[in-house]
Amino acid sequence: MKDGGMEQKLRSEAKALLEQGKVDYIIGFEAGSLKFTTTPLITSDKDDIDRLVINPFIVNNLSVYLSELKGRAGIVVKGCDSRSIVSLLQDNKVARENVVILGVPCSGIIDLGKVEKLVGKDRDEIDDITQDRDRVVITVDDNRREFPIREVLFDNCLGCELPTPQEYDILLGELTSAASDEDKIASQKKINSLKNIPPEQRWEFWRSEFDRCLRCYACRNVCPACFCQRCFVEETEPLWLLPVPRWQDNLVFQVIRNMHVAGRCTDCGECERACPVNIPLRSLTREMYDMVDELFHYKAGMDKEASSFLAAYEATDVEDFIR
Amino acid sequence: MAVSDISHRPRFLAKGNVYLPHIAVIEKIIDETYDTSTFHFNFKDEKLREEFTFESGQFALVSILGIGEAPFCICSSPTRIDHLECSIRQVGRLTRALHRLGVGAEIGFRGPYGNCFPLDFLQGKNLVFVGGGIGLSPLRSLIWNVVDNRDRYGNIDIIYGARSPADLCFNYDLEAWDKDKTVNMVTTVDKGDESWTGREGFVPQVLEQVAPSASNAVAIVCGPPIMIRFTFPVLEKLGFTPEQMITTLEKRMKCGIGKCGRCNIGNIYVCRDGPVFSYAQIMSFISSEY
Amino acid sequence: MKKVTDSKKISKKNIAKLLDEWRQEFTVFVPWRDEAVAKWARWDGKDTSFLDWYRNTVVPPKAIFFPPMEEMFSFQKDREGYHLELPASDEPKQLIFGIRPCDAKALAVLNMTFSDAYEDPYYLAKRNGGVLVGLGCTNPYDSCFCTSLDSSPTDSANVDLMLTDIGDDFLVEAITDKGKALMAKTSLAEAVTRADEARAKDVKETTYAKVTKKIDTEGIKEKLLSGFDNKDLWEKIAAKCITCGICTFLCPTCYCFDINDELVKNQGERFRSWDSCAFPLYTKMPMENPRVEKWRRLRQKVCHKYVFYPMNFDVIACTGCGRCIRLCPVNWDITQTLDNLSAEAQVKMEK
């Protein structure tokens with residue numbers, strides 16, 4: 001992403017929106033407190049606007065904040081994030097007139113985990129990471145190394161279906177192209193490798209993965225589709241799950257969460273990124289996403305006029321499961 | 001109910017694993033209102049029955065093993081120690097399960113925890129009890145404690161109210177205190193029904209009407225938060241200083257011993273430094289989140 | 001000031017042997033990093049590759065003495081009523097090898113809560129039999145800020161033995177009697193040379209300087225209290241937090257827990273599990289919840305660590321390990337918040 005021009009445009013547009021009173025606050029990204037990180041900036045103060053940035057590290061899906069904030073927001077979104085907003089519009093959770101969508105055409109976000117593995121150093125030991133079109137230059141101890149950009153992008157960026165927001169008010173740059181078929185396959189490599197192992201092994205794999213889960217609920221809280229005031233895990237009458245982090249309860253939590261977001265999950269990948277113990281959650285969410293596509297030819301967040309998938313009923317719906 | 005002097009009993013301290021509940025058996029259940037009942041129970045272990053003691057204002061963590069645990073104040077008086085009583089209102093999973101239990105069922109009991117009403121401070125003073133709804137529960141322990149040692153205290157005024165006649169709790173106690181000529185019992189309801197012949201009015205309003213003197217007096221208040229918030233200003237108007245107003249706070253609790261963290265207000269733990277606080281102490285709380 | 005000449009050294013090549021000796025008496029826990037996550041695990045008896053890794057774990061060692069979930073007791077119901085049983089505790093004493101100074105200090109902080117007033121039997125049974133073998137850092141993260149909190153990356157204050165990495169060997173200092181006894185039993189310790197001592201001193205000084213993140217704790221309690229009721233400021237601070245449990249669960253000094261029961265037919269268990277003051281239901285009562293709003297919960301979290309805990313125990317309940325900053329999905333940074341609050345308080349005072 002060549003960000004220089006986009007950043008300038010973003011700052012002037014955001015400032016104008018606040019000054020003209022068109023929004024109550026701006027939700028965007030600013031430089032984080034650690035190297036190569038960015039952090040959400042939520043502000044109603046126009047003096048904060050010059051802190052807004054656009055770079056290959058703007059990983060958060062900011063639409064998660066729309067469900068809780070009151071008033072009108074100007075929000076910076078990449079293609080995947082804009083789909084989450086459209087999904088929220090379909091759910092009637094957010095009103096279109098309350099969001100001004102500042103669209104960022106995205107060419108992929110860099111996964112620092114992959115960078116660390118490639119160079120064998122931790123994030124704070126790396127001097128510089130710069131994207132140069134389809135290559136990335138990583139500098140460690142004054143040693144420059146170049147890699148194809150594909151090797152450091154997030155998996156779901158590799159298979160990106162909508163890099164540039166379809167639904168926007170202001171577009172901050174040129175349209176970028178969606179992923180090639182080759183890249184789409186690469187993005188599914190981890191997931192497909194799981195599909196190819198026998199069920200008993202797969203069960204053992206997930207059992208050991210969920211043994212690590214601490215039930216921090218980061219996966220749920222970063223997800224824009226999880227906006228329930230009271231989550232099912234917090235219910236006591238009836239009691240579905242204990243808050244105890246046993247692998248059985250953890251697995252059931254994640255499976256039910258996937259069922260609840262089915263048809264509204266846009267595969268933004270935030271759940272997997274947020275997990276502090278690196279459980280490959282996207283393998284589950286993407287599977288759900290693909291199932292919905294296969295069975296119902298539906299993808300969340302593509303058409304704001306479409307009714308919310310599981311909330312709507314058509315006379316032509318398949319009913320062969322009713323015996 | 002026999003009045004037994006328990007002053008000879010040493011203060012009861014839990015031995016061993018503080019998280020292990022004692023098993024108690026329900027002996028009697030009195031339905032107070034449509035959603036509140038008072039459970040009378042006794043420890044299964046005879047030795048515990050003889051050793052156990054507590055002070056008015058303390059609470060215990062009552063549980064149904066397998067369902068959960070929650071804090072309830074011990075509403076019987078330490079002067080009537082042949083059994084223990086807790087009043088429980090149906091508000092959630094555990095309390096609804098408790099209401100489904102019958103006489104003979106076993107419950108878990110951990111306690112007593114918390115501080116207590118300061119009897120030394122109250123001695124020789126005129127006492128004004130102000131209670132609302134099930135808030136009479138912790139006050140009840142203190143009232144019987146005081147009435148059973150009547151000559152140690154001055155005048156006793158009890159002002160108690162509920163939303164409607166059907167919401168009045170402990171009717172049998174209200175009758176007894178009404179009959180007691182050494183006690184001024186004032187009962188009120190927010191709104192009466194066709195058969196109600198008593199007073200009508202919100203508790204803070206009735207308190208203002210009764211206007212007990214603040215001279216050498218202490219007010220002990222307990223009820224729903226909204227009642228407490230309107231009662232304190234009335235007491236101030238009547239001349240009570242913040243040190244002369246005492247209440248007991250309610251918080252979500254799990255451990256009961258100041259470890260799990262959730263009942264804290266600033267640096268104090270309601271389960272360990274409370275639940276009894278004077279209004280002067282409450283005003284000095286760092287946070288208003290209670 | 002303890003004399004460095006009482007120290008010994010152990011060659012890194014002998015660590016496996018040393019751990020094996022200790023394994024006869026203790027369950028040895030080592031930092032364990034695999035594909036998934038860096039945490040603490042029972043040593044498998046063979047692999048010492050963790051010695052090549054010089055950073056701190058994601059899951060802190062508090063998880064050994066205060067696990068994410070723990071059975072408090074089990075119960076059975078029959079015609080005679082309930083029978084309670086405490087869980088079997090037949091594991092030998094635990095030795096934590098390679099604990100960093102921030103985590104060791106955090107255990108000392110946790111100790112205060114778990115032994116205050118009523119003693120917590122589950123934590124103390126494990127902790128009292130436990131031995132801490134500390135390992136000084138050589139390469140702190142950019143999120144570490146232990147030097148601002150009365151500690152350092154090579155602080156030996158809260159361990160039984162302290163190791164300093166001097167290249168091919170570890171310099172070993174016995175800090176407590178437990179540590180001295182352990183050293184006396186092994187024949188793998190060698191004498192140190194003047195060069196070793198100098199190297200150790202150099203490592204400690206160099207590492208101290210590598211900690212770049214700093215906070216000013218001077219008067220932090222008063223500064224935080226002065227802005228306590230500033231709702232607008234706290235709302236702004238809390239705006240990007242998503243109130244998950246990552247910072248509290250991975251914090252080595254956080255100890256809030258929940259107690260829940262499970263029942264299957266006529267038997268069950270009572271568990272305790274990690275809970276977080278950031279969760280919305282943490283303080284919920286049937287009729288009301290004093291901390292519904294996110295900013296209240298965040299204020300509670302910050303003030304508990306920097307104001308309320310010091311009021312009760314005279315120590316800030318934070319040891320600067322930086323996990324909360326490193327692993328927060330939105331990069332919420334407590335050091336930035338403390339700086340902002342201090343600055344606000346300063347402005348207020350000057351008015």
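This passage walks through a predicted model, starting with chain A and moving on to its contact with chain C, the domains of chain B and two details of chain C.

Chain A first. Its fold contains 11 helices and eight strands. Measured against the rule for a compact globule, nothing looks out of line: a chain of 323 residues would be expected to have a radius of gyration near 20 Å, and chain A comes out at 20 Å, so the two agree. Laid along its principal axes, the C-alpha trace of chain A covers about 60 × 50 × 40 Å.

The domain assignment splits chain A into domain 1, made of residues 4–109 + 153–311, and domain 2, residues 110–152. Between the C-alpha centres of these two domains of chain A there are 24 Å. Where they meet, 12 residues of domain 1 are in contact with 10 residues of domain 2. On the domain 1 side of that contact, nine residues are nonpolar, one is polar and two are charged.

Next comes the sheet of chain A. Five strands build an open sheet with mixed pairing, and reading across it gives the order E2-E1-E3-E4-E8. The edges belong to strand E2 (38–43) and strand E8 (170–171), each of which pairs on one side only. At the E8 end, strand E4 (residues 99–103) and E8 of chain A run parallel and share two bridges. In this pair, A:Gly103 sits opposite A:Leu171 of E8(A). Helix H2 (residues 79–90) of chain A packs on the sheet, where it touches strand E3 (73–77) and E4; the direction of H2 makes about 160° with that of E4(A).

Chain A also meets chain C. The contact draws 29 residues from chain A and 32 residues from chain C. On the chain A side, the elements giving two or more residues are E2 and helix H8 (218–222). Edge strand E2 of the sheet thus turns up again in the contact with chain C. Sorted by type, the chain A residues that touch chain C are 16 nonpolar, seven polar and six charged.

Chain B has a domain split of its own, into domain 1 (22–113) and domain 2 (119–248). The C-alpha centres of these two domains of chain B are 24 Å apart. Their contact brings together 16 residues of domain 1 and 14 residues of domain 2. The domain 1 side of this contact in chain B holds five nonpolar, eight polar and three charged residues.

In chain C, a pair of helices and a hairpin are worth a look. Helix H8 (residues 231–238) and helix H10 (residues 294–313) of chain C pack with their axes 9 Å apart and at an angle of about 90°, so H8(C) and H10(C) are roughly perpendicular to each other. From H8(C), the contact uses C:Lys231, C:Trp234, C:Glu235, C:Ile237 and C:Ala238, while H10(C) supplies C:Lys294, C:Trp295, C:Leu298 and C:Arg299. By type, this helix contact counts five nonpolar residues, no polar ones and four charged ones.

The hairpin of chain C is formed by strand E11 (residues 257–264) and strand E12 (residues 267–274), which run antiparallel and are joined by eight bridges. C:Phe257 has C:Trp274 of E12(C) as its bridge partner. Two residues lie between the strands E11(C) and E12(C), and in this hairpin C:Lys265 takes a positive phi near 55°.

Note on methods:
Residues numbered from 1 in each chain as written. Chains lettered and ligands numbered in written order. Predicted model: local features only at pLDDT ≥ 70, side-chain atom pairs only at ≥ 80, totals over all residues. Pairing = 2+ DSSP bridges. Helix = DSSP H or I, 4+ residues; strand = E, 2+ residues; numbered from the N terminus. Contact = placed C-beta atoms within 7 Å. Axes fitted to C-alpha atoms, helices over the stretch in contact; angles between N-to-C directions. Nonpolar A, V, L, I, M, F, W, Y, C, P; charged D, E, K, R; others polar. Domains from an automatic or database assignment. Parallel < 35°, antiparallel > 145°, perpendicular 65-115°, else oblique. Rg over C-alpha atoms; globule rule 2.2 N^0.38 Å.
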